[in-house]
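Dear colleague,

Please find below the sequence and structure that I am handing over to you. My findings follow underneath.

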Amino acid sequence: MPKRRDILAIVLIVLPWTLLITVWHQSAITPLLATRKDDSRDSRSNSRNTFALKESCSMQNRDIVEVVRTEYVYSRPPPWSDVLPTIHVVTPTYSRPVQKAELTRLANTFLHVPNLHWILVEDSQRRTALVSRLLQDTGLNYTHLNVETPRNYKVRGDTRDPRIPRGTMQRNLALRWLRETFSVNSSQPGIVYFADDDNTYSLELFEEMRSTRKVSVWPVAFVGGLRYESPKVNTLGKVYGWKTVFDPHRPFAIDMAGFAVNLRLILYKPQAYFKLRGVKGGYQESSLLKELVTLNDLEPKAANCTKVLVWHTRTEKPVLVNEGKKGFTDSNVEI
Amino acid sequence: MKSVFFSRFFILLPWVLIVIIMIDIDTKRTVRAPAAGRTGRAQQRGARTGAPGGNQNQSALPVIYAITPTYTRPVQKAELTRLAHAFRQVPRFHWIVVEDSTARTELVARFLARCGVPYTHLHVFTPRRFKRAGMPRATEQRNVALAWLRQHRTARDAGVVFFADDDNTYSLELFEEMRSTRGVSVWPVGFVGGRAYERPLVSGGKVVGWYTGWRPDRPFATDMAGFAVNLRVILGNPRAQFKRRGSQPGMQESDFLKQITKVTELEPKANNCTRVLVWHTRTEKPHLGNEPKHRKDNVVIEV
């Protein structure tokens with residue numbers, strides 16, 4: 001039948017050309033991609049050179065392998081979007097053996113979050129090299145601050161002694177920095193979140209908090225001696241209480257990791273800070289929140305506070321008995 | 001006659017071009033392969049089933065297999081979440097999660113489905129009598145993962161096997177260091193051996209000793225997180241297992257490694273073992289003293 005032969009002929013002609021076009025398209029794009037990524041890596045910090053590929057003799061094509069290595073040692077955070085509100089994450093930190101490990105884990109999480117600005121505040125006299133280098137290497141958008149909590153206030157003495165809870169001065173410094181950097185009239189939307197360096201955050205959490213209008217709240221795991229603490233939400237979607245065992249009558253019975261504040265609210269109320277002295281255990285969060293909102297204004301997130309998206313994990317102090325009094329290991333090796 | 005000839009010619013022309021291009025691509029891929037012994041045929045197979053983005057460089061990288069034993073406890077989901085965040089950024093990665101349970105749990109199954117990393121979910125139950133203090137842990141789980149690899153991978157697959165416990169902390173650099181493992185590679189680990197770090201001593205590019213605060217007489221004084229093994233070595237030693245009987249505490253790694261390699265063959269990574277890229281962190285047991293004996297809440301929430 002002539003018709004069948006025609007169809008066969010047409011297929012035989014069209015098929016190879018479509019295949020050719022797709023193959024040509026593919027092979028034209030990939031060398032472009034490789035060179036483009038290579039260029040953007042040139043502007044990286046010098047520390048990259050310390051782990052340059054030395055075993056080049058084992059790889060046949062050195063250039064290709066170099067490109068791949070620099071591309072994946074630290075992935076880039078997602079591209080900045082003009083539409084999403086920025087999440088300003090305030091993390092107080094202090095030097096101790098596990099500090100670098102904790103910050104590395106945090107960075108691994110934050111690298112997945114678009115439009116994230118990490119405000120890391122060290123409890124130290126000077127910004128340490130360890131933290132500076134780590135922040136540079138991650139490629140995250142960050143601000144590195146420091147303020148030292150005065151010695152006599154850190155020591156745990158008599159319970160009647162006015163102690164500054166850990167991290168307070170650092171968080172207040174971050175709030176002050178935000179107020180100095182952003183003006184009330186600026187239209188840049190932002191959310192402020194206090195993220196301690198030993199907790200665990202899911203990626204969903206950041207997307208939940210992005211829609212905060214004033215202050216949003218959600219459950220936190222492993223606080224207050226419970227599997228999780230959470231706000232009580234009524235059928236109208238309003239917070240009316242707190243599901244906790246430890247002092248549920250606090251004005252805001254919530255953990256530092258359980259709420260986020262819209263940046264505009266922080267800027268509108270420039271007097272709102274964490275109270276430094278005379279704060280009972282568990283009341284730190286209330287000391288800030290009561291200056292910002294009332295219970296009625298709270299926005300419950302995480303499916304009306306029924307999902308746990310953040311865990312108040314704590315890292316054990318590592319056993320370092322074999323270091324002895326003077327320290328055994330080489331102090332130049334950074335851990 | 002001429003028209004027939006022309007039409008035949010134009011029909012054949014694109015096919016000839018395709019054949020030429022295929023041959024060209026084939027030779028290009030074999031040139032770019034790392035010297036891990038990959039054959040041309042394996043390249044093509046890897047390229048067709050692997051990289052969906054068509055990036056040729058990616059399909060040449062060996063796959064990193066991370067074996068993570070895990071068990072149910074309150075912080076399990078948090079630990080796995082943190083791990084997933086690190087692993088998601090490593091290209092060519094395969095996560096083998098082995099639960100210490102009689103059946104796959106819902107929590108882990110649901111978690112893995114959304115973790116964003118290619119994974120294999122296995123399980124094997126360790127009897128209670130093996131869970132006493134001082135006994136080696138996660139032995140059965142790691143062995144089950146090794147058995148899976150031996151069953152589902154052949155010598156033509158390029159890969160590196162690594163034991164990633166769920167409470168440790170891994171930097172992204174570590175994975176790039178271990179990817180070039182040809183036999184067995186080692187590096188320093190933070191917070192083990194009662195010291196800030198434990199590390200192999202390297203001289204002339206070879207491991208000559210061990211720097212540790214605990215039992216330096218061990219043949220391989222390293223932690224589970226301190227070494228990686230090329231997949232071919234695992235497949236080439238089909239009887240190498242983690243031992244339970246007759247194994248002393250802290251000797252798990254040594255007992256395993258001495259079945260597959262010698263100290264002189266170890267490859268030092270992390271700048272001749274002078275940088276710490278993995279930390280043996282441990283997460284505190286959370287205080288759950290205020291939990292009621294019987295569930296009092298009106299909803300069931302997974303933590």
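**Findings for the predicted model**

In chain A, 74% of the contacts between residues at least 6 apart in sequence join residues at least 24 apart. Please bear in mind that the model is predicted.

Chain A contains 10 helices and 12 strands. Its 335 residues include 49% that count as buried. The accessible surface of chain A amounts to about 17200 Å², and carbon and sulfur atoms account for 55% of that area.

Turning to the interior, the largest nonpolar core comprises 65 residues. The members that touch the most other members are A:W118, A:Y193 and A:F206 from chain A, together with B:F87, B:W95 and B:F162 from chain B. The greatest contribution to this core comes from helix α4 of chain B (residues 76–87), which supplies 5 residues. Another core, of 32 residues, lies apart from it and includes A:L173, A:A174, A:M256 and A:V261.

On the surface, a nonpolar patch is formed by A:I10, A:I13, A:V14 and A:W17 with B:L12, B:V16, B:L17 and B:I20. Together these residues have about 700 Å² of accessible area. Two elements give two or more residues to the patch, namely α1 (2–41) of chain A and α1 (2–32) of chain B.

One member of the patch may serve as an example. A:I10 is located in helix α1 of chain A. Because its relative accessible area is 52%, and the exposed class begins over 50%, A:I10 counts as exposed.

Yours sincerely

Definitions and conventions: Residues numbered from 1 in each chain as written. Chains lettered and ligands numbered in written order. Predicted model: local features only at pLDDT ≥ 70, side-chain atom pairs only at ≥ 80, totals over all residues. Heavy atoms only, no water. Core = buried A, V, L, I, M, F, W, Y, C linked by side-chain atoms within 4.5 Å. Buried < 20%, exposed > 50% of the residue type's maximum accessible area, 1.4 Å probe, protein only. Helix = DSSP H or I, 4+ residues; strand = E, 2+ residues; numbered from the N terminus. Patch = residues over 30% accessible without salt bridge, like charges linked within 9 Å, V, L, I, M, F, W, Y side chains within 5 Å. Areas by Shrake-Rupley, 256 points an atom, 1.4 Å probe, with all protein chains shown as cover. Salt bridge = Lys/Arg side-chain N within 4 Å of Asp/Glu carboxyl O. Contact = heavy atoms within 4.5 Å.
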